[in-house]
Amino acid sequence: LGSHGGDLPRSADAGEEVEMMPKDPAGVAFSCRTFLVYAGPGWLMSLAYLDPGNLESDLQSGAYTGYSLIWVLFLCTLSGLVLQVLAARLGTVTGRNLAQNCRAGYSRHASLTIWVMTEVAIIGSDVQEVVGSAIALKTLFGWPLWLGSLFTGLDTFTFMAIHYFGKRILELFIFALVMMMMVCFFTNFTLSPPPLLDLLHGFDFSCPDYAALQLVGTIGAVIMPHNIYLHSALVQSRGIDRDDEVHMRQANKYNMLDSAVALLFSFLINVALLASFANGFFVEECARLDGGPLACVPGACGGGGGGGGDCRACASAEGLRGFCGEIGLDQGGDSLLLLLKNNGKLGEKLFALGVLAAGQASTMTGTFAGQYVMEGFLDLKVPIWLRTLFTRSIALGPAVAVALLTSDNPNLNNTVNQWLNILQSVQLPFALLPVLHFCSDGRVM
């Protein structure tokens, strides 16, 4: 890849407000006050690990493969942390985000190719977020999926307005949404707690033969390529003296801690959802059927539950009788309603509320990622509302199409979501290789 372009201005993108960070006194290894001042970008970044695509992957990993892929989720989150830390360091040290470094360091052809691939990843993620929010609105209010998709696509502008009240208000709002997800999914986890020993066995490094496709989908669901570009830009809202090596090292340290804490919470939320569905709907006989893996879906085959599948009778570890079929976000609430019996209505609504919080929050970070990616690669200063209109318009078409097609066939949405997660895995090298390249290049760092 040939070098192209010259030095880019070292400043935050899109008129981003920059707050100068304090410097710890000599001999102070850690200051809670300083850490809290740096905290924020990591929580915005962590939402990509909790979007509806992730949640459906968790749900299906539990229902289709039991606890066997918890170790994959853990390693993916750990790998994601390493990449996010590298992205944050690149943004902190160079004063440029990853997209700007690609434009300056690669040929025009190479940088445009990476830009197109990153935009494809963003649009694929947008579809998952819009449809996921629409499913939550259907469960909560009975709205049809197409109406929920349109509402979600348009209400992004309302949520983006929070940004204009200041970055701290936005970061606090995002933190509140993450805590809401934590409460929702952990409440369902405690309503039907899994056996501790089974949960711990999920950290055994093994993969059943029926779990291979789910394993690949988990990688794509957890590590979003556009999120690496996003984080390298978000940290630039924390101003530092780049002529002071001690100040830069301090910034790298606190950015790493911010990311680690946020991703720890995201991992716990993902595990809580995975374990809830593993405990309630995993049956190995269903997982090993031809055309599987499948889950033990409560209800009668073809009666509005999972629909597709083998229709073979089964009984879960919780004694819930059903049939071997497919399951996803669309059936998740109804399945919990039957699983949790007297607490079923509460579990259903909490599940939908958690998915809605995930969908709404992740649309904001997706929009920010798109803004930084377009400006960085193309050097275009596009107003964020126009960028939002552009990406929403592109994502709404496929999202509404999926909503209309899945109104009578919810399993089609499960299939689309699985392949969108695999798409993210395919697109990952277009963020992974550049961030590794620039962070290992002494001329850049």
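Start with lysine 253. Its charged end sits over the ring of tyrosine 254, 4.9 Å from the ring's centre. Keep in mind that this is a predicted model. Tyrosine 254 also has aromatic company. Phe30, Phe35, Tyr38 and Tyr254 form one aromatic cluster.

Let's stay with the rings. How many aromatic pairs does a search of the whole structure find? The count is 17. I'll show you two.

Take phenylalanine 74 and phenylalanine 267. Their ring centres are 5.6 Å apart, and their planes stand at 65 degrees. That makes the pair edge-to-face. Now look at where the two rings come from. Phenylalanine 74 is in helix α4, which covers residues 70-94. Phenylalanine 267 is in helix α12, residues 245-281. The two are 193 residues apart, so this pair links distant parts of the chain. Are these two rings buried or exposed? Phenylalanine 74 is partly exposed, at 34% relative accessibility. Phenylalanine 267 is buried, at 10%.

Next pair: phenylalanine 277 and phenylalanine 281. Here the centres are 5.2 Å apart. The planes meet at 40 degrees, so we call this pair tilted. Both residues belong to helix α12, four residues apart. That spacing separates them by about one helical turn. Phenylalanine 277 is buried, at 0% relative accessibility. Phenylalanine 281 is buried too, again at 0%.

Now the cysteines. How many disulfides does the structure hold? Two.

Here is one of them. Cysteine 286 is joined to cysteine 324, with 2.0 Å from S to S. The angle about the S-S bond is -65 degrees, and the link is left-handed. What does this bond tie together? Cysteine 286 lies in helix α13, residues 284-287. Cysteine 324 lies in strand β5, residues 321-325. So the bond ties a helix to a strand, across 38 residues of sequence. Cysteine 286 has a relative accessible area of 0%, so it counts as buried. Cysteine 324 is buried as well, also at 0%.

On to the other disulfide. Cysteine 296 is joined to cysteine 314, and the S to S distance is 2.1 Å. This link is right-handed, with 100 degrees about the S-S bond. Cysteine 296 sits in strand β3, residues 295-298. Cysteine 314 sits in strand β4, residues 309-315. So here the bond ties strand to strand, with the two positions 18 residues apart in sequence. Cysteine 296 is buried, at 2% relative accessible area. Cysteine 314 is buried at 8%.

What about cysteine 439? Why does its sulfur make no bond to cysteine 102? The sulfur of cysteine 102 is the closest cysteine sulfur, yet it is 11 Å away. That is too far for a bond, because a disulfide needs two sulfurs within 2.5 Å. One more cysteine to point at: cysteine 184 is buried, at 2% relative accessibility.

Back to the strands for a moment. β3 and β5 run antiparallel, and four bridges join them. Find alanine 295 on your screen. Opposite alanine 295, in β5, stands glycine 325. β5 is mostly covered, with four of its five residues buried.

Last stop: helix α3, residues 52-65. This helix has 14 residues. From first C-alpha to last, α3 reaches 19 Å. The expected span is 20 Å, at 1.5 Å a residue, so the helix comes close to it. How many residues of α3 are buried? It is 14 of 14.

What follows α3? Glycine 66 does, and its phi is positive, near 70 degrees. A little further along you reach serine 68. Serine 68 has its place in the loop between α3 and α4. Is serine 68 buried or exposed? It counts as buried, at 15% relative accessibility. The side chain of serine 68 also has a partner. One of its polar atoms lies 2.7 Å from the backbone oxygen of threonine 65.

That's the tour. Back to you.

Conventions: Residues are numbered from 1 along each chain as its sequence is written. This is a predicted model: local features need pLDDT of at least 70, side-chain atom pairs count only at pLDDT 80 or more; totals for chains, interfaces and linings use all residues. Side-chain values use heavy atoms; hydrogens and water are left out. Buried means under 20% relative accessible area, exposed over 50%, partly exposed in between (1.4 Å probe, protein chains only). Rings of Phe, Tyr and Trp (its six-membered ring) pair if their centres lie within 6.5 Å; planes under 30 degrees apart count as stacked, over 60 as edge-to-face and the rest as tilted. A charge sits over a ring if NZ of Lys or CZ of Arg is within 6 Å of the ring centre and within 35 degrees of the ring normal. Two strands pair if DSSP finds at least two bridges between them. A polar contact is a pair of N or O atoms within 3.5 Å; within protein, one must be able to donate a hydrogen and the other to accept it, and residues adjacent in sequence count only if both atoms are side-chain atoms.
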